Amino acid sequence: MIRFESVSKKYPDGTLAVDRLELVAPSGEITVLVGPSGCGKTTSLRMINRMIEPTSGRIWLDDRDTATVPTHELRRGIGYVIQHAGLFPHRTVVDNITTVPELLGTDKKQARRRALELMERVGLPAHFAKRYPAQLSGGQQQRVGVARALAADPPVMLMDEPFSAVDPVVRAQLQNEFLRLQGELGKTIVFVTHDIDEAIKLGDRVAVLQVGGHLAQLAPPAELLSDPADTFVAGFVGRDRGYRALGFAEAGLLPVRKEHAVRLGSGRGEAHDAAEDGWVLVTDAEDRPQGWLRTDRLAEAEPTGPVTAPELNLGGTLASETATLREALDSALSSPSGRGVIVDGAGRLLGTVTASEVLTRIEQQRAAADPPFTGDVGPGGAESEAS
Amino acid sequence: MIAWLNDPGNWTAPGGIFDQLWSHLQYALIALVVAAALALPVGLLIGHAGRGRWLVTVANAVRALPVVGLLILLYVMLAPHIHGRGDTVYLLPTEIVLILLAIPPILASTVAGVENVDPAVRDAAAGMGMRGGQVVRRVELPNALPLVFSGVRSATLQVIATATVAAYLGLGGLGRFVYDGQASQNFAERDAGALLVALLAVAADLVLALAQRYTVSRGVSGRFPRRTLVGDPVATADAPPSTHTA
Ligand SMILES: Nc1ncnc2c1ncn2[C@@H]1O[C@H](COP(=O)(O)OP(=O)(O)OP(=O)(O)O)[C@@H](O)[C@H]1O
Ligand SMILES: [Mg+2]
């Protein structure tokens, strides 16, 4: 557990970056610090490992006052990941990863073995071990940065915008793997980002900071979306928070309807007969959906022959039977046929739902929820200040 | 000049080319070792702390003094205090001049080398719990090394060229041929001496280039074996995930 006890930081030039911050980051959870640029996120984070010394107040690491621990000792027990990874250019990937174990005097062989294990964990092939950072892509460097921070198995990790310097596809991938890793490791993590979507996706709890280092709200992401504490938080969380909140509500048992699908390679006549409203769903031999086929165009192109993969429309997303309302709705909205595809855990077709069916489910859930699921008519309802 | 160089007697005689080459090398080496021993740690410290940059300016200003003038001044100042045998009374001022010349390039480039280290890299080093000295030795120096080498190499060229002034005070070195040749109007000898100085400087630079190659990490110099750049699955870890579509 990390606890900020009335922590302030005033820089020599008079900037009050953090103002009497009170915050608890519980053990084994991801606490995200989010807020606009210059609101004091980095300053707050770096005060934990004393890369910046607080002007006043205390920071507790479990029952230790961090100010009483020698800085190098404190830092060796805290994983630290920064935006551009900050890998050592002159050392190979494996040598980068073994940095802290080396400082701690761990046996070299053992440290290397663990480094290779960690590389696998963070999704780096073993043959990268002998490479230098300059030979890696930004996303790969960031993975090494995470592995390096984990090398000495510290209970606490500090991460300052670790995924913000990579492109959106890689970022989403890194985020997912980060969540999976945290599921296995259960570290106490403080994670800084300026991206509210990232905060909501990754945080067990999200602390929204306001410029001047004021804590505006500390809450689980769903609560942040459904019940912003004030206009600042409401504005920062953004316009489509109602839609995003659906991402925290499980769809439960949706009224899945049976869909007459055909297999890839089956005849066009069969596809024609199975189609509904001009669209037929095509699956592979294991019943996994592959795409939609538009049957009213079939005859024009080629009247006979089997259904082939290039003809399929790939526009629709899949929702699993354990999906959130947001995924289920997206599945219906993105499907060219208007029918959202629901699959089981193994990716096999269960059936389809329509957007109106999902909306009905949303309304049922809101009616059942007490207090109302988004009863957000206070100051938070005003959208004018949205970023 | 070729004829002079081709005469084996000029090489092997006492005070011949081999002897003077050796003396020249010694003068240069002493100066470089002392200069590096002073400038390198101080440069690392200035770069690490980000303070004391004025020392670089001062060292550079000293370089502007005329060499021969400085040599004579030092000799006049030091001679009364040096008693005893041998060449010390000549050697000391010569070495001081050479050291003063060698310090600025090494100091300036070491400071620049450390300052050029990516701030994120130093931040990570400190953030992982390295102490100040560990950051310098394990991170800043290895990354500053290419610039440190360029400073040492430029100092070496200067010192080898300037070590000819040792002969001005009556010491040995390749400068002997230059001064003696000039005095006795033996221009072949004078030019051969100058050529030998140049050749020695080039040879020393080659040795240092080789040393640089083997001490600077490939990750810093960017000399990667070809096969890791071409034709292996670099992209695997970051390949976009297969999108779920239906
Ligand atoms: N070394 C410093 N000296 C003076 N002021 C500073 C210093 N570092 C940061 N500040 C100021 O403190 C405030 C908070 O800075 P901080 O870096 O913590 O912001 P941040 O929330 O991390 O912002 P960003 O999202 O842009 O990274 C800013 O106003 C910044 O200008
Ligand atoms: Mg920041």
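How far apart are the mean positions of the positive and negative charges of chain B?

1. Charges of chain B. The two mean positions lie 9 Å apart, taken over 16 positive and 14 negative charges. The model is a predicted one, and this separation, like the other values below, is computed from it.

2. Fold of chain B. Chain B contains 12 helices and 0 strands. Its pattern along the sequence is accordingly written α-α-α-α-α-α-α-α-α-α-α-α.

3. Dimensions of chain B. The radius of gyration of chain B is 24 Å, where a compact globule of 246 residues would have a value near 18 Å. The C-alpha trace spans about 95 × 45 × 25 Å along the principal axes of chain B.

4. Burial, surface and contacts in chain B. Of the 246 residues, 43% are buried. The accessible surface amounts to about 12,500 Å², and carbon and sulfur atoms account for 67% of that surface. When contacts between residues at least 6 apart in sequence are considered, 72% of them link residues at least 24 apart.

5. Ala102(B). This residue sits in helix H6 of chain B, which covers residues 88-115. Ala102(B) is classed as buried because its relative accessibility is 0%, the cut-off being under 20%. Outside the neighbours within four places in sequence, the residues in contact with Ala102(B) are Leu32(B), Ala35(B), Ala155(B) and Val159(B). In addition, the C-alpha atom of Ala102(B) is 8.3 Å from that of Ser154(B), although 52 residues separate the pair along the chain.

6. Sheet of chain A. Here 4 strands make an open sheet with antiparallel pairing, in the order E2-E1-E4-E5. Its edges are strand E2 (16-25) and strand E5 (64-65), each of which pairs on one side only. Strand E1 (residues 2-10) and strand E4 (residues 56-61) run antiparallel and are joined by 5 bridges. Ser8(A) has Ser56(A) of E4(A) opposite to it. In general, the strands of a sheet are paired through backbone hydrogen bonds, in a parallel or an antiparallel manner.

7. Helix H1 of chain A. Is this helix, residues 41-48, enclosed or open? It is largely enclosed by the rest of the structure, because 7 of its 8 residues are buried. The buried set consists of Lys41(A), Thr43(A), Ser44(A), Leu45(A), Arg46(A), Met47(A) and Ile48(A). After H1(A) comes Arg50(A), which has a positive phi, near 60°.

Notes:
Residues are numbered from 1 along each chain as its sequence is written. Chains are lettered from A and ligands numbered from 1 in the order in which they are written. This is a predicted model: local features need pLDDT of at least 70, side-chain atom pairs count only at pLDDT 80 or more; totals for chains, interfaces and linings use all residues. Side-chain values use heavy atoms; hydrogens and water are left out. Helices (H or I, at least four residues) and strands (E, at least two) are DSSP runs, numbered from the N terminus. The radius of gyration is taken over C-alpha atoms; the globule rule is 2.2 Å times the number of residues to the power 0.38. Buried means under 20% relative accessible area, exposed over 50%, partly exposed in between (1.4 Å probe, protein chains only). Contact means heavy atoms within 4.5 Å. Accessible areas come from the Shrake-Rupley method with a 1.4 Å probe; for residues, only the protein chains shown count as cover. Lys and Arg count as positive and Asp and Glu as negative; His and the chain ends are not counted. The place of a charge is taken as NZ of Lys, CZ of Arg, CG of Asp or CD of Glu. Two strands pair if DSSP finds at least two bridges between them.
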